[in-house]
Structure formats: C-alpha cells, structure tokens
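Got your viewer open? Here's a short walk through one model, stop by stop, with what to select each time.

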Amino acid sequence: MKLTVIGCSGSYAGPDSSASSYLIEAPHHEDSRRTYRLLVDLGSGALGALHRHVDPLLIDAVLISHLHADHFFDISGYYVMRKYHPSGPAPRIPVWGPRGMKARVARAYGLPLDPGMNDEFAFKRLRKGTFDIGPFTITAKRVLHPIEAFAFRIEHEGKVLVYSGDTAVCDALVELAEGADILLAEAAFRDDEDNPPGVHMTGSEAASVARDACCKALVLTHVPPWHDKLDALHEAEGVFLGPISLAAEGAGYSL
C-alpha cells in the first residue's frame, strides 16, 4: 500500500500545498498487474495537483471524510473533467461521502438535483462501520467536528493507515488508530492559543492519540497557511516517541 500526499493545507489551499487530498494505491483486487487508486478527500486546488502524480481519469473510487470545502470542493472540477473530456465521458466511479453529499455537490456547481452529478459519480452514503473499497478494507468512525465527519482506518495485507480527517481529540479516533503503521493526523490548532472546543487538534494532541493508540509513526497534516508547520512538529515531539513527520505535497509513504 502506498500513500501519496496530494494536498495537506488546512482550511484552504496555501502557498505550498493544495487543500486536503490523499492518494492510496495497492495492487488491484481483480488483477494484481493493475493498480487500484483510491482518492481520500478532494479539497480546494487538489485536482490540479493530482495531475502531477496520476491521470485523474485513472482514479477508481473517491472517499470523502466530510463536507467542508477544503475536503471536497474540487469534486466540481472533477465532474467537468469526467463529463467533458475530449476522449469522451468517463465511466461512473463510486464516491462515498456523508449524508447529503450528492445534493451538496450539485448545488455547488449550480446543477439541478436531478440528475446532478449522478451520471458521472455513483454516490454512496457513508456510515460508520467496516466495508470494502477495491482491495482496501475501510473502517469508518464518526469523530468530533462541527458537522458530520469521519475518520478512516484503511487496511491492506496486514498494513494499516489511519486518517483522522478533521476532528478534536476523541475516543473514537484513539480506538480507530490502535496499532496503525501510520497515523495521518490533523494538527490545525496550537497549544498556546484559545481554541474552540470540538473542532481540531494541536500537534501535541495528535501525538497523544498516536501514543495512546500505540501507532508506529505519526504524520502531521492539515496545518493552515497562517501557522508554521514546524510549530506542530515541535508540539508533538516528546509526546509521541515514534517517528514524526510533516505532510508535504508530493510526499510518499510505503506501508
């Protein structure tokens, strides 16, 4: 299983990265000579960045953690690409997302709800529980954020990647991350600020989840452009004693 960071800027696309988007790849479950490509989130600016790593028309499925623009809004451009590409309309691909997603994306592009984007995407309602997407086993849990939001445990051949999505510290995330090879965790807030409850984590809080869940490595992501990423790293150091790194656009990790 391979993880590539397509975008990791928090809240909006920044000068160094587009907003949240992550490409997960593994051998195809139907033909091991092929690669199955799962795109987790597709935030503002991420579709353009995706071109640097793979033809977006080769994506097999999309998984959206929650309906804030920095996690889903480039689905609008992706709709245009799949509908109007000079090679012809692309086949429908599955898109898992929270309640109301297909209506939200239709309104975002000014489309009637019927057909909306249903000819381009096969929308599937995301619920907590375990299910398969291609070769991956996905476990989704609701986490602590102002709107319906999910974190994901993504497993393939004994390897585990956990993505926090957007969340404050919560028991659900610790449970989901148990023993993960990599915890990809947001660190949008700072310890020395007066942060609203139930929205995001600081670097030290993300590290505490990695520590309590006995994760093998921590990757900090979703740092807004108004913060220095190194602050998140410094907050995490000493809380989690395993390897810690900062997500960067184009960074790759093999599990």
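## Stop one: a pair of cysteines

Select Cys215 and look at its sulfur: the closest cysteine sulfur belongs to Cys214, 7.8 Å away, which is too far for a bond. Keep in mind as you go that this is a predicted model.

Now turn to Cys214. Its closest cysteine sulfur is in Cys215, again at 7.8 Å and too far for a bond. Why does this pair not count as a disulfide? The cut-off is 2.5 Å between the sulfur atoms, so at 7.8 Å the sulfurs of Cys214 and Cys215 miss it. As a reminder, a disulfide is a covalent bond between the sulfur atoms of two cysteines. How many disulfides does a search of the whole structure find? It comes back with 0.

Show the surface while you're here. Which of the two is buried and which is exposed? Cys214 is exposed, at 53% relative accessible area, whereas Cys215 is buried, at 8%.

Before leaving, check the backbone at Cys214: just after H6, this residue takes a positive phi of about 55 degrees.

## Stop two: helix H6

Step back to residues 203-212, which form helix H6. This helix is mostly covered, with 7 of its 10 residues buried. To color the buried ones, pick Gly203, Ser204, Ala206, Ala207, Ser208, Val209 and Ala210.

What covers them? Show helix H5 (171-176) and strand E11 (182-186), then add strand E12 (218-221) and helix H7 (229-236); the cover includes these four elements.

## Stop three: two more positive phi values

From E12, follow the chain into the loop that leads to H7, and you'll find His222 there. His222 isn't a glycine, yet its phi is positive, at about 60 degrees. Is His222 buried or exposed? With 1% relative accessibility, His222 counts as buried.

Next, select Asp41, in the loop between strand E3 (35-40) and helix H1 (46-50). Asp41 is another residue other than glycine with a positive phi, here near 70 degrees. Asp41 is buried too, with a relative accessible area of 0%.

## Last stop: a cis peptide bond

Finish in the loop between helix H4 (101-108) and strand E6 (121-125), where Pro115 sits. Zoom in on the peptide bond running from Asp114 to Pro115: this bond is cis, with omega near 15 degrees.

Notes
Residues are numbered from 1 along each chain as its sequence is written. This is a predicted model: local features need pLDDT of at least 70, side-chain atom pairs count only at pLDDT 80 or more; totals for chains, interfaces and linings use all residues. Side-chain values use heavy atoms; hydrogens and water are left out. Buried means under 20% relative accessible area, exposed over 50%, partly exposed in between (1.4 Å probe, protein chains only). Contact means heavy atoms within 4.5 Å.
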